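Biologist: Please put the chain on screen, and I will ask about one strand and its surroundings.

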Amino acid sequence: MLLDEAHEPVRSGNLDRRKIPPPARVQQISPVGLISLLYAFSLFIFYHQGFISGTSFIGAAAAVLCLVIVFYGLFRLGLNTRVPESSLMLPQLLAALLIMLTVAYLERATQIALVPFMLIAFSFGIFRLSTPSLILLSAGCLGMYLAMILMRGHNDGYFLSFRADLMQWCVLALTLPAMILLGKQIQNLRQLLKATRYQLEHYEEKSIRDELTGLYNRRRLQAELEQARVQADEKDVPFSICLIDIDHFKQINDSNGHLSGDRILCDFAHLARECIRDSDTFGRYGGDEFLQILSHTDLKGAVIHAERLRVYAHFLDFQKVLAQKHISLSIGVAQYREGEKIADLIARADSALYRAKQLGRNRVEWIDLQ
Ligand SMILES: Nc1nc2c(ncn2[C@@H]2O[C@H](COP(=O)(O)OP(=O)(O)OP(=O)(O)O)[C@@H](O)[C@H]2O)c(=O)[nH]1
């Protein structure tokens with residue numbers, strides 16, 4: 001195995017599996033669709049109160065329904081994921097605003113509803129669209145709205161209602177940029193929060209990992225042990241630990257150099273992680289000592305596993321870094337006794353490890369449960 005590979009963080013248990021978010025495939029009606037439906041409902045009130053004709057209402061409601069169904073279909077089929085801007089915010093906003101402006105042109109009374117609904121529609125765009133897109137969209141809308149007012153003035157005459165329309169346009173022209181500015185501030189804050197959260201996650205991850213091997217460090221192992229203890233006490237299931245030490249590691253360091261020592265630690269970490277079950281936890285306890293937590297495993301099972309690991313480790317080929325080519329392990333095994341402290345469990349595994357060293361190394365020793 002290459003050294004770079006060995007330095008890659010090794011999985012160390014089942015608690016930190018990262019979930020990769022699926023592509024944005026929205027299954028429900030988008031917010032712009034909902035606002036358009038609300039707008040259609042407000043037109044119904046206009047119609048009900050006799051401000052607009054039934055034809056205008058039905059036409060507008062049909063256009064809104066088409067908008068909602070088309071975009072719902074696109075999201076449902078996942079077609080939105082094929083374009084860079086998967087929220088389809090710009091086409092949705094364009095379609096909704098065009099409907100509102102056309103209705104306002106055909107039915108002047110609905111102009112009261114135009115400004116608030118336009119502002120709400122824009123508020124959704126603020127979080128999704130880039131500033132240039134937003135500026136273009138608002139300039140386009142204001143331009144179309146103004147053209148509509150001028151056309152109506154040209155047709156009906158420049159009376160008081162024309163000036164009132166112009167005033168409404170001015171209000172929109174002033175509030176829209178202010179709203180975009182405010183939205184951008186909120187967007188910046190959101191981005192800052194996101195970056196801070198990412199950094200926190202990064203530091204959190206770093207604080208539980210051993211830098212050299214990428215395995216869980218002693219702090220995380222302690223937490224995992226406490227968790228295993230609670231589970232064992234609650235559910236009455238056994239768990240065991242293996243304390244693993246590389247034999248004569250000081251000598252390996254002294255005669256082959258610290259870098260070779262590091263390489264051995266990494267390669268062994270990788271091998272051990274490959275050997276363990278997903279439900280088990282493996283970490284670096286310190287120096288050349290590793291600790292494995294074997295969930296749902298009694299002493300007998302743990303000893304069998306430790307023996308297997310010892311044999312596998314012996315077959316790791318270090319020809320390029322070690323004169324003696326191979327390493328050997330001494331392993332101390334202990335099963336958790338109900339109600340005992342974690343420190344006591346580790347002390348028992350440690351005394352088994354000590355015995356393994358005393359009896360000539362390269363062996364597995366254990367402390368009986370009773
Ligand atoms: N290369 C390297 N060496 C380390 C690292 N951390 C600790 N060590 C060395 O690991 C050695 C641990 O040696 P000991 O556990 O004292 O003893 P040993 O030589 O393994 O002897 P036995 O355990 O009795 O077989 C020390 O020389 C430490 O300096 C590390 O991150 N990289």
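Biologist: Which residue in β4 is the bridge partner of C242?

Modeller: The model is a predicted one. Strand β1 covers residues 239–246, and β4 covers residues 329–335. These two strands pair in the antiparallel sense over 7 bridges. In β4, C242 is bridged to V333.

Biologist: Which residue in β3 stands opposite I241?

Modeller: β3 spans residues 289–295. It runs antiparallel to β1, and 7 bridges join the two. The residue of β3 opposite I241 is I293.

Biologist: How many residues of β1 are buried?

Modeller: In a regular strand, side chains point alternately to one face of the sheet and the other. On one side of β1, F239, I241, L243 and D245 are all buried. On the other side, S240, C242, I244 and I246 are buried too. The number of buried residues in β1 is therefore, with burial meaning 20 or more other C-beta atoms within 10 Å, 8 of 8.

Biologist: What share of the residues in the protein chain count as buried?

Modeller: The chain holds 12 helices and 5 strands. Over its 370 residues, the buried share is 34%.

Biologist: Which residues come nearest to the ligand?

Modeller: β1, α9 (249–256) and α10 (258–275) each supply at least two residues of the shell around the ligand. That shell has 17 residues, divided into 4 nonpolar, 6 polar and 7 charged. Those that come nearest are D247, F249, K250, G261 and G287.

Definitions and conventions:
Residues numbered from 1 in each chain as written. Predicted model: local features only at pLDDT ≥ 70, side-chain atom pairs only at ≥ 80, totals over all residues. Buried ≥ 20, exposed ≤ 12 C-beta atoms within 10 Å, placed from the backbone. Helix = DSSP H or I, 4+ residues; strand = E, 2+ residues; numbered from the N terminus. Pairing = 2+ DSSP bridges. Near = placed C-beta within 6 Å. Nonpolar A, V, L, I, M, F, W, Y, C, P; charged D, E, K, R; others polar.
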